[in-house]
Amino acid sequence: MTYRIIWTGNNRVVSSVAEVDAALDEAATASVASLPVVVTVLPAGSEHLSPFDDDFPDSLEVGIGHPDRGFVRWMGDGGGYGYEPGLSPGPDGLRFDYGGQPVFPEPDELRVTPVATLQAVRDFISTGTRPAHLLWRTPMDAH
């Protein structure tokens with residue numbers, strides 16, 4: 001299966017771990033205004049859909065490019081943010097570039113290291129399912 005990796009003004013079609021690694025490395029080093037960047041990973045051919053569409057496929061959004069923290073957001077059944085057990089919340093006020101706009105993930109959403117963020121994308125393109133190496137906090141858990 002092929003996937004499309006999308007970040008600010010760029011996108012790549014990938015079908016292997018090596019292609020994923022190259023695309024994510026390019027996205028992380030091409031951060032806008034030295035901000036870490038949000039990358040969307042979804043099945044190729046579905047990039048015209050919105051997360052609000054009923055037929056939007058399972059996908060990931062990840063925050064990459066920060067030396068210590070990232071995030072992994074599952075956009076499939078249950079939704080939620082992945083986290084590494086034992087990793088404390090990230091810093092408050094950390095900004096990521098999302099299509100040219102700054103976004104500020106909550107500290108509790110930043111409980112993923114860069115290595116685990118990369119592994120989540122690798123797992124997703126290998127299995128098409130939510131990465132199993134992370135625990136998941138669903139939107140309902142936040143209340």
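**Exercise 1. The Arg4 salt bridge**

Glu47 has a relative accessibility of 33%, which makes it partly exposed. The model is a predicted one. Find which residue forms a salt bridge with Glu47, and state where the two partners lie.

Solution.
- Step 1. The partner is Arg4, and the closest N and O atoms are 3.1 Å apart. A salt bridge requires these atoms to be within 4 Å.
- Step 2. Arg4 belongs to strand S1 (residues 3-7), whereas Glu47 sits in the loop between strand S3 (37-43) and strand S4 (59-64). The pair links distant parts of the chain, 43 residues apart.
- Step 3. Arg4 has a relative accessible area of 18% and is therefore buried, the cut-off being under 20%. Glu47, at 33%, counts as partly exposed.
- Step 4. A search of the whole structure gives six salt bridges.

**Exercise 2. A bridge between two helices**

Determine which helices are tied together by the salt bridge of Arg122 and Asp21.

Solution.
- Step 1. The side chains of Arg122 and Asp21 meet at 2.7 Å, N to O.
- Step 2. Arg122 is in helix H2 and Asp21 is in helix H1 (residues 17-29), so the bridge ties together parts 101 residues apart in sequence.
- Step 3. Both ends are partly exposed: Arg122 has a relative accessibility of 24%, and Asp21 has 23%.

**Exercise 3. Asp108 and Glu109 beside Arg137**

Decide which of these acidic residues, Asp108 or Glu109, has a salt bridge, and which has none.

Solution.
- Step 1. Asp108 and Arg137 meet in a salt bridge of 3.3 Å, N to O.
- Step 2. Asp108 lies in the loop between S8 and H2 and Arg137 in strand S9 (residues 135-137), so the bridge connects parts 29 residues apart in sequence.
- Step 3. Asp108 is partly exposed at 26% relative accessible area, while Arg137 is buried at 18% relative accessibility. Through shared partners, salt bridges join Asp108, Arg111 and Arg137 into one network.
- Step 4. Glu109 is placed in the loop between strand S8 (101-103) and helix H2 (114-127). Glu109 is buried but has no salt bridge.
- Step 5. For Glu109, the nearest side chain of opposite charge is Arg137, 4.7 Å away, and the salt-bridge limit is 4 Å.
- Step 6. Leaving aside residues up to four places away in sequence, Glu109 touches Gly70, Phe71, Tyr81 and Arg137.

**Exercise 4. The ring pair of Trp74 and Phe124**

Classify the geometry of the ring pair formed by Trp74 and Phe124, and locate its members.

Solution.
- Step 1. The structure contains four aromatic pairs.
- Step 2. In the pair of Trp74 and Phe124, the ring centres are 5.8 Å apart and the planes stand at 80 degrees, so the pair is edge-to-face. The cut-off for this class is over 60 degrees.
- Step 3. Trp74 comes from strand S5 (residues 71-75) and Phe124 from helix H2, so the pair ties together parts 50 residues apart in sequence.
- Step 4. Trp74 is buried at 5% relative accessible area, and Phe124 is buried at 1% relative accessibility.
- Step 5. Ring pairs also bring in Tyr3, linking Tyr3, Trp74 and Phe124 into a cluster.

**Exercise 5. Helix H2**

Compare the span of H2 with the expected value, and list which of its residues are buried.

Solution.
- Step 1. H2 has 14 residues and reaches 20 Å from first to last C-alpha, close to the expected 20 Å.
- Step 2. Its buried residues are Ala116, Thr117, Ala120, Val121, Asp123, Phe124 and Ile125.
- Step 3. The cover over these buried residues includes S1, H1, S3, S4 and S5.
- Step 4. After H2 comes Gly128, with a positive phi near 75 degrees.

Terms used: Residues are numbered from 1 along each chain as its sequence is written. This is a predicted model: local features need pLDDT of at least 70, side-chain atom pairs count only at pLDDT 80 or more; totals for chains, interfaces and linings use all residues. Side-chain values use heavy atoms; hydrogens and water are left out. Helices (H or I, at least four residues) and strands (E, at least two) are DSSP runs, numbered from the N terminus. Buried means under 20% relative accessible area, exposed over 50%, partly exposed in between (1.4 Å probe, protein chains only). Lys and Arg count as positive and Asp and Glu as negative; His and the chain ends are not counted. Contact means heavy atoms within 4.5 Å. Rings of Phe, Tyr and Trp (its six-membered ring) pair if their centres lie within 6.5 Å; planes under 30 degrees apart count as stacked, over 60 as edge-to-face and the rest as tilted. The expected span of a helix is 1.5 Å times one less than its number of residues.
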